[in-house]
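Okay, thanks for coming, everyone. I've got a structure to walk you through, so have a look at the screen and I'll talk over it.

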Amino acid sequence: MVLVGPAGTGKTVALHEATVTLAERHGAHRVVGVAPDRSAARAWQRAVARELPGAAPLVTTVTGLAQQVLLGTPLGAAAAHRAPAAPPDEDGPLRILTAPEQELRIREVLAGAPDTGWPAEWKDAVGTRSFARQLRRAVAHARRWGWEPDDLQRVARDSGDDGWLGVSRFLTEYLQILDWEGSLDYPEVTLRALRRWERDGAGDLVIVADDLHLLDPTQARLLATATARGLLLGAGDPDQCVASYRGADPAAFRFLLTEAQAVRLTTVHRGGAAMRDARAQLFGSRWYPGLPPEWAPDYRQVAAAAGADHLAAVEYDDAHTQARHVAHRLRAEHRAGRPWRHLAVLVSSPAAETAELVRALGQARIPVHVPTADAALVEQQAVATLLRAADLVLAPDPFAPHLEATWRDLATSDLGQVAPRLFREFLRWAATGGEACAADLARDPLPLAQCPDRLREVADALTDLAGRVRSARRRESQGATPAEVLWEVWHGPDGAWPERLRRRAIGTGAAAVAAGRDLDAVIEVFRLAERAPERWGGHRGLAALVAELGHQEIPAEPDLSLGPPGDRVTVMSLHRAAGREWPVVIVTGLQESNWQARDGGGLIEVARLTGDELLAQAPRQAAAEMRRLFGMALGRAGRTLVLAACGGAGDPPTSLLADAGLTVERVAGPPDRPQTPVDVLLQARRRALLGPTADQRSGAVAALAALTGERDGAGGPRFPGADPRTWDGARDWTVGVAPLRPAGRPLSLSGSALAVLDGCALRWLLQRELSGDRSAGPQVGFGLTVHAAAAAIVAGDTADSATLVARSWCADDYDADWHAAQERRAAVVAVDRLRDWLATRPGALAAERPIEAVLPVRDPEGTVVDAIRVTGSVDLVETHADGVAVWDYKTRRTAAAAADVAHDVQLAVYQAALAELTGQPAAGGGLVFACVPAGTREPLLPKVRRQEPLALRQEWADGVLVDAAGALRSEQFRATPGPGCRTCAFAAMCPARGPGGRR
């Protein structure tokens with residue numbers, strides 16, 4: 001029996017209920033559910049399992065059922081007795097090619113035997129990847145119709161068609177190679193299962209199959225053969241045959257209707273009269289040959305059981321405006337009480353529309369679920385890292401200098417977990433001891449033991465990577481399988497990498513989704529690696545596996561392991577939405593360019609090949625399928641359906657809208673009031689603070705209270721800023737449980753940290769104490785190089801400036817070679833200036849003088865109230881008969897103003913510390929700007945800004961120490977606006993910039 005009816009007539013629900021009833025009547029072992037895809041099969045399995053107390057029937061896809069047949073799995077009555085499974089064939093276990101493997105195999109066959117009698121005009125195209133894709137579709141189409149190579153060759157020769165004659169010859173070789181490998185592609189699985197059942201019989205199965213209109217001819221024959229002695233209960237709708245890209249053919253549905261009794265359903269339960277009438281008007285009197293002609297007049301004029309529905313067609317200015325209107329409408333539906341999971345956006349052209357829509361919904365703070373985009377395995381980060389390591393395993397010398405980039409990529413990947421900035425600093429340190437690179441250091445761990453503590457993380461990562469590579473190479477040389485070799489890299493000695501991904505995957509957010517995809521992709525790699533020895537064998541196994549994965553271009557199998565999307569709006573392609581429904585649906589991209597019927601395309605016209613002949617020309621089917629696709633879109637919504645176009649004047653809405661009797665409303669401009677969570681929150685806050693009447697203010701406060709209680713899918717606040725207690729200036733100062741600095745001990749600060757603390761206490765806390773500053777750029781390495789060269793000059797090194805710079809220069813900090821060369825020349829000029837200036841200094845000089853002194857903190861009355869231990873290193877100390885002077889090198893490209901240098905805290909503190917250490921008076925100092933010439937008359941000397949001796953500014957210096965000690969002891973770190981705000985990494989979040997003023 002086959003249930004036939006338009007979308008929404010309850011076919012799927014009826015089949016789910018019938019599965020339970022048939023399992024109770026015939027036994028769960030005899031009943032098999034056949035769903036259109038794996039996600040639908042899982043939903044069906046869960047629904048049936050909830051209704052049955054014992055074992056539930058098997059629910060799978062047609063391909064899954066065919067695999068069970070080839071594997072010899074007991075089905076029907078045999079399943080009750082658990083008869084032992086027979087092997088599928090004499091050559092070994094069943095191995096099914098994924099789509100990427102199949103296309104790669106076709107390219108390999110073409111490359112190995114390019115001349116199989118292709119037409120002369122095809123010669124230039126045969127070696128292209130586009131031709132390989134067309135050939136893959138032709139091979140699949142032929143096998144879906146059950147063509148054997150000899151029969152196809154005979155028909156092509158009789159027709160005088162050289163193109164299909166070449167396809168038949170290729171098909172012969174392709175099938176021979178698959179047989180030699182012991183592999184099958186998806187169409188071949190179904191065809192061979194059909195042949196086996198036709199030969200041996202299928203038993204007494206009870207098959208319940210949904211969406212029969214999505215079957216190809218071989219799949220339809222398989223179901224008919226499976227139920228020759230059993231029972232077939234199916235459902236379908238000829239108006240929804242829209243999957244020709246995967247082999248669906250109306251002929252398959254017609255065939256099943258001739259094999260079973262057809263029952264027409266006459267009541268639609270999804271949507272209402274408006275959507276029903278639109279579908280009926282869209283199709284008009286069109287009908288399908290081979291279906292009962294008496295159904296044609298009223299097949300689509302079914303009764304509507306649902307209540308009122310809403311159907312609208314709109315046109316927007318462009319894609320950006322459309323995305324904003326979609327977000328506005330979804331937000332309005334959610335405010336009306338609909339959960340996010342009841343809303344969906346179906347796109348006509350995913351490649352052109354999805355990114356813009358997801359961006360707009362994200363800006364509107366709307367949670368979005370986009371089904372996993374199919375991607376090649378090599379595009380997954382974990383797989384890419386695994387293959388980079390495999391390159392080292394297969395290299396003759398994994399520690400050769402030309403593999404430096406590979407070691408760097410592995411160290412900074414999720415496997416090594418080293419920040420790129422830290423790795424560059426590590427290379428600079430390594431360069432100071434010679435010309436060692438990362439590969440050299442990985443080979444010889446002895447220098448790694450001598451690296452500074454701050455770089456220990458990089459050394460440990462290189463040591464671990466080298467250990468994994470050596471272990472994997474040892475296993476590979478012992479003849480281990482590719483899976484065993486890769487396991488040494490993947491798992492390592494402690495399994496830290498997979499465990500990190502596992503912990504991340506069970507979390508929430510984008511990082512969890514990415515980690516889950518990485519784990520799925522790695523599992524797929526190991527599945528392929530386990531098959532590699534049987535395909536290639538020997539040493540070539542791992543190399544061949546890596547080469548194959550690197551050449552796969554089309555997507556791998558979609559990831560179906562993730563659970564339900566949760567309370568999020570679904571955004572997916574219209575084709576993938578077949579068989580699904582939501583209460584509210586918006587279909588986008590309904591402009592003419594996306595809905596033009598395009599027949600043919602390519603050299604091989606697969607539609608010419610039918611079940612028994614090769615037509616002279618391909619039938620024109622695209623227009624009919626586009627109409628069916630539009631009709632399928634009209635059946636996805638339960639209550640509200642919005643059809644949107646956004647092509648503008650040059651690309652009008654598709655004519656199918658007019659065929660459905662819909663009038664398109666022109667909407668100009670963006671939404672008047674975008675109601676994002678931020679908009680709602682700001683409006684309520686504005687009314688609460690500035691409302692003209694007490695009633696309006698109290699109403700806004702009540703609205704804020706309601707927003708405060710809303711929670712997102714993860715249980716967190718949906719409107720974090722709604723609670724007035726969290727607003728700027730509303731909270732009291734807090735003090736941590738444990739003090740930042742222990743009481744009773746001197747406060748310890750470097751001179752530079754004390755300068756930051758004096759400029760802005762909040763910046764000091766975020767930057768120095770919490771390490772929240774942005775990563776350092778190449779200017780830091782530039783400054784270190786100039787400082788090191790200047791120190792060498794003071795120490796008596798007579799080398800020229802270029803040589804001094806070369807000793808510590810690292811070009812890796814720069815993105816472009818020309819930039820690195822330019823900066824290196826600037827560093828040499830700066831060192832030349834410092835050399836000439838140092839020659840003018842009259843006193844004794846000491847470079848990089850370390851200091852550590854305890855400075856007393858005195859109140860205005862002179863009483864010592866605290867102490868600060870000052871630590872650091874002074875660039876240059878100059879000793880005179882009158883005292884000691886402090887000089888600090890600066891490599892910025894502009895000189896500071898004289899007034900700013902007079903109040904430079906770091907210089908003043910170093911003056912005080914040196915006076916404390918040496919017992920000599922502080923004789924002043926200054927800043928030396930090495931990259932700024934002293935003037936037009938002295939271009940070879942640096943610009944110098946002096947600071948007077950500390951004794952002349954003692955009151956100011958004491959005030960700096962008092963303020964710093966007070967901020968640290970009280971732990972009240974206020975934001976202070978000043979010149980440093982221009983370069984502060986925390987300016988965007990600074991409370992001093994907001995309406996709350998200084999905090």
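Let's start with Glu-971, which is buried, because its relative accessible area is 9%, and the cut-off for buried is under 20%. Keep in mind that this is a predicted model. Where does Glu-971 sit? Glu-971 is in the segment that follows helix 35, and that helix covers 954-970. The backbone there is worth a look too: phi of Glu-971 is near 55°, so to speak on the positive side, in a residue other than glycine.

There's another glutamate with a positive phi, and that's Glu-848, with a value near 50°. Glu-848 is placed in strand 19, residues 844-858. Is Glu-848 buried or partly exposed? With 33% relative accessibility, Glu-848 counts as partly exposed.

Okay, zooming out for a second. The chain has 999 residues, and buried ones make up 48% of them. On the secondary structure side, you've got 35 helices and 23 strands. And if you take the contacts with a separation of 6 or more, 75% of them are between residues 24 or more positions apart.

Now, the sheet with strand 2 in it. Six strands make an open sheet, and the order goes 3-2-6-7-1-8, with parallel pairing. At the edges you find strand 3 (58-60) and strand 8 (262-264), each of them pairing on one side only. Going from one strand to the next, the twist averages 15°.

Inside that sheet, strand 2, residues 31-34, pairs with strand 6, residues 206-209, in the parallel sense over four bridges. If you want one position to click on, Gly-33 has Val-208 in strand 6 as its bridge partner.

Then go to Val-34, also in strand 2. Val-34 is buried, given a relative accessible area of 2%. What does Val-34 touch, leaving out residues up to four places away in sequence? Its contacts include Trp-44, Thr-60, Leu-65, Ile-207, Ala-209 and Leu-223. Pick out Ala-209 from those: Val-34 and Ala-209 are 175 residues apart in sequence, yet C-alpha to C-alpha they are 4.5 Å apart in space.

One helix to add here is helix 11, residues 250-259. Helix 11 lies across strand 1 (2-4), strand 7 (231-236) and strand 8, and it runs at about 125° to strand 1.

Next, a pair of helices. The axes of helix 6, residues 129-144, and helix 8, residues 162-181, come within 10 Å and cross at roughly 80°. That makes helix 6 roughly perpendicular to helix 8. Who's doing the touching? From helix 6 you have Leu-135, Ala-138, Val-139 and Arg-143, and they meet Trp-164, Val-167, Phe-170, Leu-171, Tyr-174 and Leu-175 of helix 8. Sorted by class, that contact has nine nonpolar residues, no polar ones and one charged.

Moving along the chain to strand 15, residues 582-588. How many of its seven residues are buried? Six, so to say that strand 15 is mostly covered is fair. Strand 15 has a neighbor in strand 12, residues 343-347: the two run parallel and five bridges join them. There, Leu-343 has Val-584 in strand 15 as its bridge partner. Strand 15 also pairs with strand 16, residues 637-645, again in the parallel sense and over five bridges. In that pairing, Trp-582 stands opposite Ala-637 of strand 16.

Last stop, two helices and their buried residues. In helix 21, residues 496-505, Trp-497, Pro-498, Arg-500 and Leu-501 are buried. Looking down the axis of helix 21, its buried residues fall within an arc of 155°, so they line one face of the helix.

Helix 31, residues 801-808, has Ser-801, Leu-804, Val-805 and Ser-808 buried. Why do we put those on the same side of helix 31? Because around the axis they cover an arc of only 95°. And what do the buried residues of helix 31 pack against? Helix 30 (778-794) and helix 32 (817-838).

That's my tour, so over to you for questions.

Notes: Residues numbered from 1 in each chain as written. Predicted model: local features only at pLDDT ≥ 70, side-chain atom pairs only at ≥ 80, totals over all residues. Heavy atoms only, no water. Axes fitted to C-alpha atoms, helices over the stretch in contact; angles between N-to-C directions. Parallel < 35°, antiparallel > 145°, perpendicular 65-115°, else oblique. Contact = heavy atoms within 4.5 Å. Nonpolar A, V, L, I, M, F, W, Y, C, P; charged D, E, K, R; others polar. Buried < 20%, exposed > 50% of the residue type's maximum accessible area, 1.4 Å probe, protein only. Arc of directions from axis to C-beta. Pairing = 2+ DSSP bridges.
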